[in-house]
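Biologist: Hi! Could you walk me through this model?
Modeller: Happy to, here it is.
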Amino acid sequence: MSGFGGFLLRRAVGTVITLLAISVIVYVVFYVTPGDVAQITCGPRCSPEQVRQVAAQLHLGDPLYVRYWHFLQGLFAGQDFSTGTSVEHCAAPCLGQSYQTGQQVLDIILGKLPVSLSLVLGAMVLWLALGVGTGVLSAWRRGRVSERVLTAITLAGTATPVFVIGLVLMIVVCGELQLLPFPQYVAFTDDPEQWAWNLLLPWLSLALIEAATFARLTRAAMLETLAEDHVRTFRAYGVGERAIVGRHALRGAFAPVIALNANNVGSAVGGAVLTETLFGLPGIGQELVHAVKVVDLPVVVGMVLVIAFFVVLANAVADVLYAVADRRVVLA
Amino acid sequence: MSLVEVTDLTVGFGSLRAVDGLSFDLDKGAALALVGESGSGKSTVAGALLGLHRGTGARVGGTVRVAGTDVQEATEQELRRLRGAKAAMVFQDPLSSLDPYYAIGDQIAEVYRVHTRASRRAARARAVEVLDRVGIPDAARRARSRPHEFSGGMRQRALIAMALACEPDLLIADEPTTALDVTVQAQILDLLHTLRTETGMGLLLVTHDVGVAAESVDEVLVMRHGRAVEHGPVGTVLAAPREPYTRELLDAVPRVDARRTGSPATDEIVLEATGLRREFGRGKRAFAAVDDVSLTVRRGETLGVVGESGSGKTTLGRMLVGLLEPTAGGIRYAGEPHTGVNPAVQMVFQDPVSSLNPRRSVGESIADPLRARGERGEGAEERIRARVTELLERVGLEGAHHDRYPHEFSGGQRQRIGIARALAADPRVIVCDEPVSALDVTTQAQVVALLGELQRELGLALVFIAHDLAVVRQVSDRLAVMRRGRLVEYGPADEVYDSPREAYTRQLLAAVPALDPELAARRRAARGEPAAA
């Protein structure tokens with residue numbers, strides 16, 4: 001793979017530029033958003049004097065560019081915060097301090113990230129297995145009754161909201177059958193087995209929704225490949241249908257599946273709010289929704305940057321996989 | 001018992017009868033060509049020999065026996081045992097006929113393992129062996145290449161290697177050289193010939209090119225509308241055809257030794273290119289597709305441009321009409337330097353299907369140049385419509401075709417529409433990039449005749465780009481031979497064709513299939529067995 005180092009370098013530089021651009025946009029959006037940040041941060045019972053103090057402490061009176069400059073400084077050089085009694089140092093890359101709790105944003109994110117990653121990566125394995133598997137089956141059994149049944153099931157999957165699937169799963173599996181306890185997040189490092197059992201239902205509900213899309217994409221890509229000339233060649237040479245579908249047609253579905261998967265994984269890190277809320281998982285999505293509600297700018301910026309980073313990372317991984325899967329692709 | 005027995009074969013798709021009561025036999029070791037224009041049903045016959053129409057909804061009647069297997073009655077399993085093992089097929093487009101994701105050696109090994117109980121290792125070894133046999137240099141290493149890493153000729157060799165893997169009794173070759181350059185075509189035909197003499201397998205060749213048939217087979221079966229028109233030894237059918245259709249077909253085949261008649265050329269230079277150069281890519285990957293080409297085009301003449309694929313013909317044509325900016329050098333139109341698109345220099349494209357917008361009526365497509373020229377204001381629509389009708393009639397179509405869509409026309413008609421569109425801007429020069437290479441010989445002859453007529457009437461200068469040396473000879477006053485972006489020979493067409501100075505030009509001319517089987521055999525002997533291109 002020639003030029004792989006160059007590819008990584010270009011990608012890294014591109015990622016940094018993208019993330020900075022996103023942070024500028026988030027700052028501007030929040031700057032022009034109406035509402036008294038100091039009042040919200042301080043709470044409804046604060047006196048006007050207290051609100052003024054909070055505003056001064058958070059530098060809310062400074063112009064936009066000054067605040068953004070402070071953010072950049074923190075990001076690349078670290079920053080000191082006074083908490084009234086003592087001075088706290090926040091080392092680079094410092095994403096700032098929560099307006100609400102005074103916690104360092106990076107710590108908040110690092111606390112939530114394992115939950116989100118556990119949820120998304122586990123669900124990904126399931127949705128790929130379910131989705132691609134179903135897609136292959138329906139491409140193989142095309143035109144028969146079994147394919148129509150599969151298509152109906154996948155369509156129903158796409159059309160059902162995650163909270164419906166999740167609720168039904170919880171009521172049936174945990175409530176009626178009592179096969180599993182109601183999910184409660186257990187860290188992987190504490191108890192891997194409990195981690196998996198507790199995440200099983202969240203994984204399933206997230207995966208069932210996504211799997212439908214993958215099934216339809218896989219089926220479509222495989223049917224397209226099956227209509228191509230090289231498949232005719234192998235038919236004309238007596239290669240059986242199973243090998244044609246399993247080897248040649250499936251290979252053609254690789255690229256679109258990789259591309260879709262990259263987007264889904266990236267956006268699910270911060271976007272699986274419904275699943276997180278439903279199962280009480282303290283992940284990035286939930287925290288982000290809360291931070292937006294209370295206009296906790298440093299937390300929002302930090303979260304958005306982390307989510308964007310995962311989207312970019314997932315796409316870079318997809319590009320590498322592309323090039324490995326199809327040698328005609330040159331990384332650039 | 002014959003190797004192939006086809007009795008009263010009919011194949012129907014929907015309401016169409018693609019093959020209609022065809023019968024023929026092919027003995028072991030013999031070679032038969034099915035010759036016909038597109039739509040004559042020849043490829044459908046080839047598919048029927050391997051039972052490839054099964055499950056496609058086609059209705060197949062009559063009997064087909066191949067190497068002892070009754071193809072109609074055989075079970076799926078019996079059919080699979082026939083396919084590839086006893087009868088193997090080589091397809092037209094070698095790039096799309098191989099799986100782009102797998103190594104070529106693995107694809108051949110896969111086929112071999114379907115029919116033998118060989119181990120993976122033994123199958124790989126067999127793949128290398130057959131690749132070596134068809135002349136792929138360094139076969140052990142190249143077996144690991146993907147199809148896109150092979151040239152067109154090597155890909156066709158790889159497909160032939162796949163066919164050879166199980167030592168079949170019958171090789172079915174469906175237009176095996178249509179996508180290839182003439183020198184590569186000659187190599188592939190020679191290879192097929194050698195393999196046939198060596199292994200004693202039968203050959204069924206499907207081709208639209210009578211010359212290719214003359215080079216390769218003992219017997220010819222001429223097809224039209226799904227029926228046999230004439231069937232006999234190749235020498236007899238080509239030299240003394242009994243049927244009028246066969247004669248028509250043969251007459252339409254352009255001859256490389258036929259001079260152009262009646263040229264209205266003048267000395268007035270309309271288009272002049274000096275030192276044209278065009279590079280693609282940057283840095284280390286940069287290469288010059290056209291390199292230092294200078295030529296002139298005179299009013300009323302045809303300049304032929306020939307060369308193999310990748311020689312830079314199309315890039316040159318695009319620069320002449322201003323669709324591509326030259327990296328160096330310049331173009332003068334009527335003595336004045338000119339850059340960018342020039343309405344007086346128009347282009348006719350190779351593929352009449354993809355060069356017309358399928359979602360717009362042909363009238364609208366032809367009107368585009370008129371609208372681009374700023375035809376508007378009161379009565380503009382009527383004027384445009386009248387002009388389009390006139391143009392349609394001028395190219396031999398009906399004015400009433402104005403509101404039809406491209407898919408309602410045949411290939412030849414679509415190319416006429418392309419010509420009408422080029423004429424709309426009242427050009428003085430038309431650059432035709434492979435204008436007839438997607439057409440059958442009879443249609444080809446009609447389109448060439450139309451271009452000649454227009455040239456005489458309108459005093460047009462034509463730049464005729466093609467890889468087919470015989471067609472170019474028919475139309476050209478002067479000729480430019482290109483190789484790797486450079487002009488290797490440039491002069492009056494008759495001089496270049498009759499006494500070429502360059503070895504490369506001689507090589508090109510020697511590779512043109514001869515219509516005379518005896519001459520073809522002599523030339524083949526002179527060429528000897530070639531290495532892979």
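Modeller: Bear in mind that this is a predicted model. As a starting point, the C-alpha centres of domain 1 and domain 2 of chain B are 25 Å apart.
Biologist: How many residues does each of those two put into the contact?
Modeller: Domain 1 of chain B contributes 12 residues, and domain 2 of chain B contributes 14 residues.
Biologist: Nice. Which helix gives the largest share of the domain 1 side?
Modeller: That would be helix α7 of chain B, residues 182–199, with 6 residues.
Biologist: And what is that side like by class?
Modeller: The side of domain 1 of chain B that touches domain 2 of chain B has 9 nonpolar and 3 polar residues, and no charged ones.
Biologist: Back to helix α7 of chain B, where T197(B) sits. Is T197(B) buried or exposed?
Modeller: T197(B) counts as exposed, because it has just 10 C-beta neighbours inside 10 Å and the cut-off for exposed is 12 or fewer.
Biologist: Changing topic: which residues touch the most other members of the largest nonpolar core?
Modeller: L49(B) and V463(B) do, in a core of 232 residues.
Biologist: Which helix gives the most to this core?
Modeller: Helix α13 of chain A, residues 297–325, which supplies 15 residues.
Biologist: What is V463(B) in contact with, leaving aside neighbours within four places in sequence?
Modeller: Its contacts there include V297(B), L303(B), V305(B) and L320(B). G317(B), V429(B), V431(B) and C432(B) are also in contact with V463(B).
Biologist: Thanks, that helps!

Definitions and conventions. Residues are numbered from 1 along each chain as its sequence is written. Chains are lettered from A and ligands numbered from 1 in the order in which they are written. This is a predicted model: local features need pLDDT of at least 70, side-chain atom pairs count only at pLDDT 80 or more; totals for chains, interfaces and linings use all residues. Domain bounds come from an automatic or database domain assignment. Two residues are in contact if their C-beta atoms, placed from the backbone, lie within 7 Å. Helices (H or I, at least four residues) and strands (E, at least two) are DSSP runs, numbered from the N terminus. Ala, Val, Leu, Ile, Met, Phe, Trp, Tyr, Cys and Pro count as nonpolar, Asp, Glu, Lys and Arg as charged, and the others, Gly among them, as polar. A nonpolar core is a set of buried Ala, Val, Leu, Ile, Met, Phe, Trp, Tyr and Cys residues joined through C-beta atoms within 7 Å. A residue is buried if 20 or more other C-beta atoms lie within 10 Å of its own, exposed if 12 or fewer, and partly exposed in between; C-beta atoms are placed from the backbone.
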